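Visitor: Hello! I am new to this structure and would like a close look at a single part of it. Could you bring it up and walk me through that part?

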Amino acid sequence: MSRILIAGAGVAALECALALHELAGREATVELLAPAPELVHRPSSVTTPFGGPAAARLDLRDIAAETGMRLRRDALQAVEPATDSVITRDGDRVQYDALVVATGARSREAVAGALAFRGPMSAGVVEQAVAELAADPARRLAFVAPHGLRWQLPLYELALLSAATLRNRGVADPDIVVVTGEHEPLEVFGPAASEALHRELSAAGIELVTSAAAVSAFEGALRLESGELVAADVVVALPEVVGPGIPGLPQDDNGFIPVDEHCRVDGFANVFAAGDVTACPIKHGGLAAQQADAVAEAIAARLGTVGYPEPFRPVLRGLLLTGERSLYLRTELGPGGLSEHRLLPAPGTVSQGALWWPPTKVAGRYLSRFVAASTAALDDRAAGPVPDGIELIAQAAEEDAAAGDRESAVRALDDAEAWLGPLPAAIARRRDEWRELIPRQERSRT
């Protein structure tokens, strides 16, 4: 039996563990070296400042019990490939037959003087910014991205959700600007997505400044790299992302690990890496999951439980929350998606209906099934007049409730809200009605 050590507690680590459980079965012993006891669903945190639920969390102990993997509460400190072992933060030496590094990246503030939005821990930052504009509508709010950041979907979500929230609070024409280094908004998804986002921003009254790198914020203004000033009373910035620089492994100038198309670390036969820790320039949970699947297939092929392992062929899927509707975005990237010049998006697809199922914000072949309590494998869908993802879940919930299983119906909608964002008012009312009809002793479990 092969010893597979996975270092990390994020999307890539958990997806790889679930994939190996499915593909390798009894041929592999999987141990998760996790610094935290739970996976926090960071993409859902953009709704928290606007009355949405806290970021969804998955308890790794429950998943370990269900899949049979071992859970070690510790973190990766260094790798010694020559001895097929790692050194942990607590000073232990752990042997492996194959190592998967999925420790993620580090974030740091990149725009001096700006409020930094780092995900779940930063909900109060945006709440504060929105509250300041609600109290004084003459103030101007700016959302900015640092130079070189390739994944900027949260930037546009924060701006659009802020505009919708301020209008709901009586600010008829909130003054919001987005400053980005992109030539077109969400250009990584191709022209169709950029055009759709232009329309959303224009309808919300949000100014867009493109091809601009923000450097610093000070009283009343945002300074750009060009020396120009943009009027802004409150500035919220996404952080820049840097690699952890793990001793014993190769890394580029920014601390990220170079890998091949099967996500094997350059120069090491038994070491793989997946997710934000790799040199793939787009740091996104869906791509992290796809890299994790490529790793699992490569390891399973070694063990003889699968045939030819599929390489990493990145498909970028993004669910954009606008405050009014959800937009599903999908495009195929260049082969491997491993370096800047190979990341060439196809024209892309935009739809108000779900372009994949289950319609989770982070689409993973195994993780999505797990978090959505679905038996269906991840499946891409054609654009068209199909119901939104939450609408599809609501239809299934209606069927459960009609069959008398209101507890399952409520739980499904609670999960949908945690992973996909706030429920439409009509669906939320139905959930509340069902919850009131559940006997009190069962209600405590939903």
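Visitor: What covers the buried residues of helix H5?

Guide: Happy to take you there. Please keep in mind that this is a predicted model. The cover over the buried residues of H5 includes helix H4 (153-168), strand E14 (206-209), strand E21 (315-321), strand E22 (326-332) and strand E23 (349-351). Let me build up the picture from the whole chain and then come back to this helix.

The protein chain contains eleven helices and 25 strands. Its radius of gyration is 22 Å, close to the 22 Å given by the globule rule for 446 residues, so the chain is as compact as a globular protein of that length. Along the principal axes, the C-alpha atoms fill a box of roughly 65 × 60 × 40 Å. Of the 446 residues, 54% are buried. Among contacts with a separation of 6 or more, 65% join residues that are 24 or more positions apart.

Now to H5 itself, which runs over residues 191-203. Those 13 residues should span 18 Å at 1.5 Å a residue, and the end C-alpha atoms are indeed 18 Å apart, so expectation and model agree. The buried residues of H5 are Ala-193, Ser-194, Ala-196, Leu-197, Glu-200 and Leu-201. Looking down the axis of H5, you would find these buried residues within an arc of 165°, so they line one face of the helix. On the face turned away from that buried side sit the exposed residues Pro-191, Arg-199, Ser-202 and Ala-203.

It also helps to see what lies on either side of H5 in the chain. In the loop between strand E13 (175-179) and H5 you will find Leu-186. Most residues other than glycine have a negative phi. Leu-186, however, has a positive phi of about 50° although it is not a glycine. Leu-186 counts as buried because its relative accessibility is 1%, and the cut-off for buried is under 20%. At the other end, just after H5, Gly-205 takes a positive phi of about 75°.

One of the elements covering H5 deserves a visit of its own, and that is H4. H4 has 16 residues and reaches 23 Å from its first C-alpha to its last, close to the 22 Å expected at 1.5 Å a residue. Because 14 of its 16 residues are buried, H4 is largely enclosed by the rest of the structure. Ser-162 is a good residue to pick out in H4. With a relative accessible area of 0%, Ser-162 is buried. Leaving aside residues up to four places away in sequence, Ser-162 touches Phe-50, Val-126, Val-130, Leu-141, Phe-143 and Ile-176. Just after H4 comes Gly-170 with a positive phi of about 95°.

If you follow the chain beyond H5, you can look at a small group of strands. Three strands form an open sheet in the order E15-E16-E17, and their pairing is antiparallel. Strand E15 (214-218) and strand E17 (229-231) stand at the edges with a single partner strand each, so one side of each has no neighbour in the sheet. From one strand to the next, the twist averages 25°. Strand E16 (residues 221-224) pairs with E17 over three bridges. Ala-221 has Ala-231 in E17 as its bridge partner.

For a companion piece, turn to another open sheet of three strands, with the order E6-E7-E8 and antiparallel pairing. Here E6 and strand E8 (93-95) are the edge strands, each with a single partner, so one side of each is left without a neighbour in the sheet. The twist in this sheet averages 30° from one strand to the next. E6 and E7 are joined by four bridges, and Leu-76 stands opposite Thr-88 in E7. In the loop between strand E6 (76-80) and strand E7 (85-88) sits Asp-84. Asp-84 has a positive phi of about 50° although it is not a glycine, and its relative accessibility of 24% makes it partly exposed.

To return to where you began: the buried residues of H5 line one face of the helix, and H4 is among the elements that cover them.

Notes. Residues are numbered from 1 along each chain as its sequence is written. This is a predicted model: local features need pLDDT of at least 70, side-chain atom pairs count only at pLDDT 80 or more; totals for chains, interfaces and linings use all residues. Side-chain values use heavy atoms; hydrogens and water are left out. Helices (H or I, at least four residues) and strands (E, at least two) are DSSP runs, numbered from the N terminus. The expected span of a helix is 1.5 Å times one less than its number of residues. Buried means under 20% relative accessible area, exposed over 50%, partly exposed in between (1.4 Å probe, protein chains only). The arc is that of the directions from the helix axis to the C-beta atoms. Contact means heavy atoms within 4.5 Å. Two strands pair if DSSP finds at least two bridges between them. Axes are lines fitted to C-alpha atoms, for helices over the stretch in contact, and angles run from 0 to 180 degrees between N-to-C directions. The radius of gyration is taken over C-alpha atoms; the globule rule is 2.2 Å times the number of residues to the power 0.38.
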